[in-house]
Amino acid sequence: MRGSGGEPHLGGWSDQAWRTALAAAGPRRARALVDGTATAANWQDIAKKASGGLGLDITYGGEGYGASDHSSFTAARVPVAFLFTGTHDDYHKPSDEVAKIDFDKLARVTELMLRVGLAVADRPARPLPGR
């Protein structure tokens, strides 16, 4: 993500080994998208293994671009894993209230993100960009 001056946060792009991002936690359905799987070698395999037993219907996308801050990292050739649970009628509106969050799904998607992060952190080397 770029700061107001156009420079990346937390140092230069070369300091970024990889980026994860999570967007949305509703509505109440077990679907999720893991995007950016082509931005690093073996990324999709890591995500598939990490999702085991979580009861999520996952779609995998390779692109790594979209309407979120992970796109800046993709453009800089930093591997990304973007987890998105979809839009809904109240998405990004004042009517999107805490009571509408599916906390069970949020916990499962958060667990997926944790597992992906641990799998990547346990690798002997940084993820290599896939493009």
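Here is a quick walk through the sheet, the helices packed on it and a cavity in this structure. Keep in mind that the model is predicted.

Let's begin with the sheet. It is an open one, built from four strands in the order β1-β4-β2-β3, and its pairing is mixed. At the edges sit β1 (19–23) and β3 (57–61), each of which pairs on one side only. On average, neighbouring strands of this sheet are turned by 15° against each other, direction ignored.

Strands of a sheet pair through backbone hydrogen bonds, and they can do so parallel or antiparallel. Strand β2 (residues 31–35) is a good place to look at both. With β3, strand β2 runs parallel, and five bridges join the two. With β4, strand β2 runs antiparallel, and here three bridges do the joining.

Some of the residue pairs are easy to pick out in the viewer. Asp35 has a bridge partner in β3, namely Gly61, and a bridge partner in β4, namely Phe82. Further pairs with β3 are included in this table:

| Residue | Partner | Strand of the partner |
|---|---|---|
| Ala32 | Ile58 | β3 |
| Leu33 | Thr59 | β3 |
| Asp35 | Gly61 | β3 |
| Asp35 | Phe82 | β4 |

Now for the helices. Helix α1 packs on the sheet, where it touches β2, β3 and β4 (80–84). The direction of α1 makes about 170° with that of β3. If you trace the chain through β2, α1 and β3, you follow a right-handed β-α-β unit. Then there is helix α3 (residues 103–121), which lies across β1, β2, β3 and β4. Compared with β1, helix α3 runs at about 175°.

Finally, the inside. How many cavities of 30 Å³ or more does the count come to? The count comes to one. The largest cavity has a volume of about 40 Å³. Which residues line the largest cavity? The lining is made by Val34, Trp43, Ile46, Ala47, Ala81 and Val116. Sorted by type, the lining residues come out as six nonpolar, no polar and no charged. Helix α1 (residues 43–50) supplies the largest share of this lining, with three residues. That is the helix that also touches β2, β3 and β4 of the sheet, so to speak a good landmark for finding your way around.

Terms used
Residues are numbered from 1 along each chain as its sequence is written. This is a predicted model: local features need pLDDT of at least 70, side-chain atom pairs count only at pLDDT 80 or more; totals for chains, interfaces and linings use all residues. Side-chain values use heavy atoms; hydrogens and water are left out. On a 1 Å grid over the protein atoms alone, a cavity is a set of points where a 1.4 Å probe fits but cannot get out, and a pocket is an open set with protein on both sides within 12 Å along at least five of seven lines; lining residues have an atom within 4 Å of a point. Grid points are joined across faces, edges and corners, and a volume is the space filled by probe spheres set on the points. Ala, Val, Leu, Ile, Met, Phe, Trp, Tyr, Cys and Pro count as nonpolar, Asp, Glu, Lys and Arg as charged, and the others, Gly among them, as polar. Two strands pair if DSSP finds at least two bridges between them. Axes are lines fitted to C-alpha atoms, for helices over the stretch in contact, and angles run from 0 to 180 degrees between N-to-C directions. Contact means heavy atoms within 4.5 Å. A crossover is right-handed if, with the strands pointing away from the viewer, the path from the first strand over the helix to the second runs clockwise.
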